[in-house]
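Trainee: I should like to request a close look at a single part of this model, followed by whatever else can be said of its architecture.

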Amino acid sequence: MTFPIDKIISILEREVSGYRVPVVDLIAAQTQDPFKVLVATILSARTKDDVTAAASRRLFARAGNVIELGNLTVKELERIIYPVGFFHNKAKFLRALPTVLREQFGGSVPHDIDSLLTLPGVGRKTANLVVAVAFKEPAICVDTHVHRIMNIWGYVQTTTPLQTEMVLRQKLPEEYWTRINSILVAFGQGTCKPQFPHCDRCIITELCPKIGVTPRKIAGRVTGKTAKARRFVSWNVNGLRAALKSGFLEVVRSMDADIFALQEIKVHPDQLPDELRTIPGYHMFWYPAKQKGYAGTAVLSRDAPLQVIYGLDCQEFDNEGRVLTLEFVDFYLVNIYAPNAQPELKRLAFKLDFNRALLTFLNRLRIRKSVVLCGDLNVAHKEIDLANPKANVENPGFSEQERAWMDEIVAAGYIDTFRKFNHASGNYTWWSYSSNARVKNIGWRIDYFIVDGASRNRVLAAAIHEGITGSDHCPVSLVFQ
């Protein structure tokens, strides 16, 4: 059956007219200045709309044109635009922007995609948005909402936003090119949310094939076995205090998990601000490394566990707070932050010792009840799990020895839950901060939910939430019955 794209867009355009307007549309409504549209779009990457809007207002009050922007230092720009996502990098991009515009384009913002892509901090999403919004020319801006929803509809079958853009250029009627981003961003933020969308109140629910979708639980409507389903989230936050400044508490609220497992917290409980010491609705368990500012794990749980097990009973590993286990009535939740093998594999022996101790620990637990292992394993198992496998052979995280341990895990009957549902490439959970890797989706899948083989049928869904920022990792989730 052909997907009724014309009918769907007509319905959604009316539906989202009452939704919150995406930030770049707000900027466009306030100004037709391509410079301001460009700058606001650069700021908007990996940043919530209200944060982008506030930062844009502050910046334009100081720098309303290219010349004024060129008079600001990187440090001044950082202070002005904070706390937009990746504000350090964006400040550097904005500092370099006036020089490039002046030397290559006579001080004006170019109006074609290829030229825009030569500007600092500009990727395809930004380039297409500037062309569409500032210059009113046909362009398809594909962000995570457009990419995700188009795949949910089955209108495309792609693994990256770039692939989605290329398919849409061939398939989507040109009359929708400029409008599709605004429609689907508003719809994605308001109804078809990345985490457990509101299929129960969606206006197109009868027309949508819901490919790969796990609808949210609706209180009072779920009965039988489904009522026991729990939602688990795991996230390497790369410093909990830093994540707090990037919207950590909002992520916790929006994902509404029964268990939230954290790695690389880099903090001791006595260093935490008040809003992190007690989060309403959760029991909180901390296992920091002895060395402050390093490693460590934590778990937030709605239900009180039967017991909490700290470490692997091995001081060498336990000094770094790497394994935190909660026992519940019918399962163990094992939260781990595996060691990094380090450049030139200097710490490989330590990591392999840790891996062996961990597997022994898991095998001992699974005799008693289900085991759910989650966390940053610091290894990409297969070539499909990283963007550039050939260039990373024998690098830390993709060495033969580390991957062999993953083979051993699978051979022992454990299930990589994400691969139970998704065998496509381009699905990553970690991106380097350098070279715009996240925007280009040059990443690694090193964060996992793994269950023992006997519990395979208890796994209802598993997902990667690449749209959530605040760390160089994104959260991963599991629905477990």
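In what sense do β3 and strand β4 pair, and over how many bridges?

Mentor: This is a predicted model, in which local features need pLDDT of at least 70, side-chain atom pairs count only at pLDDT 80 or more, and totals for chains, interfaces and linings use all residues. Residues are numbered from 1 along each chain as its sequence is written, and side-chain values use heavy atoms, with hydrogens and water left out.

β3 and β4 (residues 297–301) pair in the antiparallel sense over five bridges; strands are DSSP runs of E, at least two residues, and helices runs of H or I, at least four, numbered from the N terminus, and two strands pair if DSSP finds at least two bridges between them. Within this pair, His283 stands opposite Ser301 in β4. Both strands belong to an open sheet of six, ordered β3-β4-β2-β1-β14-β13, with mixed pairing. Because β3 (283–287) and β13 (459–464) each have a single partner strand, one side of each is left without a neighbour in the sheet.

Turning to the helices, the largest nonpolar core (buried Ala, Val, Leu, Ile, Met, Phe, Trp, Tyr and Cys residues joined through side-chain atoms within 4.5 Å; buried means under 20% relative accessible area with a 1.4 Å probe, protein chains only) has 37 residues, of which Leu59, Ile81 and Leu94 touch the most other members. α9 (124–134) is among the elements that give two or more residues to this core, and α9 gives the most, with seven.

How values were computed: Buried means under 20% relative accessible area, exposed over 50%, partly exposed in between (1.4 Å probe, protein chains only).
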